[in-house]
Amino acid sequence: MTAATRLISRLTLVTGGGSGIGRAVCQRLASEGASVVVADISEESANETMVGLQNELRGQGHMAAVVDVSSKESVKKLVTRIQPPSVCVNAAGITQDHFLLNMEEDHFDRVIQVNLKGSFLITQAVAQALVACGAPKGSIITVGSIVGKVRELQRDAF
């Protein structure tokens, strides 16, 4: 099966799809024939990504969705609005540009809420939906970026 068609008829969900790694993942999945749900906290960013996706293959259709991955209610609302995706990519993530010595506790809490709790909530909700509908298989992928490593390297600078 060629790369351009291996995901035809597959629904995919990408959190953080409005920018960065998430946007690139959306573009790649669409280029391989997937129908992509571009989920992001920013409706405008999600729509920008969606408009730019390839939409030329049989049965392919995309949608933008607003989700706050740190909110169980928001995640549940999203997952119940769509059929269970064959592929889910957790790409939502934030960083706070502060060194440990200067970081406010609320900034740290927000990073944990989005990056860790958000991945947990999406993974749990999608896995539950896949099991409930009797899906024979599904893929849930969580990605991160080099930003964490860059921050670690910066600590040697002070």
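What pattern does the chain follow, read along the sequence? I went through this predicted model and wrote down β-α-β-α-β-α-β-α-β-α. My tally for the chain came to 5 helices and 5 strands.

**Whole chain**

I looked up burial next. The chain has 158 residues, and buried ones make up 36% of them. Then I checked how contacts are spread along the sequence. Taking contacts between residues at least 6 apart, I found that 65% join residues at least 24 apart. For the surface, I noted that about 9,200 Å² is exposed, with carbon and sulfur atoms supplying 54% of that area.

**Nonpolar patch**

Which residues make the nonpolar surface patch of about 210 Å²? I got I21, I141 and V143. I followed up on I21 and placed it in helix α1, which covers residues 20-31. Is I21 buried, partly exposed or exposed? Its relative accessibility is 39%, and the partly exposed class lies between 20% and 50%, so I21 goes down as partly exposed.

**Helices α3 and α4**

I keep two values for a helix pair, since packed helices are described by the angle between their axes and the distance between the axes. Here I looked at α3 (residues 72-81) against α4 (residues 105-132): the axes come within 10 Å and cross at roughly 35°. I logged the crossing of α3 past α4 as right-handed. Which residues make the contact? From α3 I listed K72, V75 and V79. On the α4 side I have L121, I122, Q124, A125, V126 and A129.

Notes: Residues numbered from 1 in each chain as written. Predicted model: local features only at pLDDT ≥ 70, side-chain atom pairs only at ≥ 80, totals over all residues. Heavy atoms only, no water. Helix = DSSP H or I, 4+ residues; strand = E, 2+ residues; numbered from the N terminus. Buried < 20%, exposed > 50% of the residue type's maximum accessible area, 1.4 Å probe, protein only. Contact = heavy atoms within 4.5 Å. Areas by Shrake-Rupley, 256 points an atom, 1.4 Å probe, with all protein chains shown as cover. Patch = residues over 30% accessible without salt bridge, like charges linked within 9 Å, V, L, I, M, F, W, Y side chains within 5 Å. Salt bridge = Lys/Arg side-chain N within 4 Å of Asp/Glu carboxyl O. Axes fitted to C-alpha atoms, helices over the stretch in contact; angles between N-to-C directions. Left-handed = near helix turned anticlockwise from the far one by under 90°.
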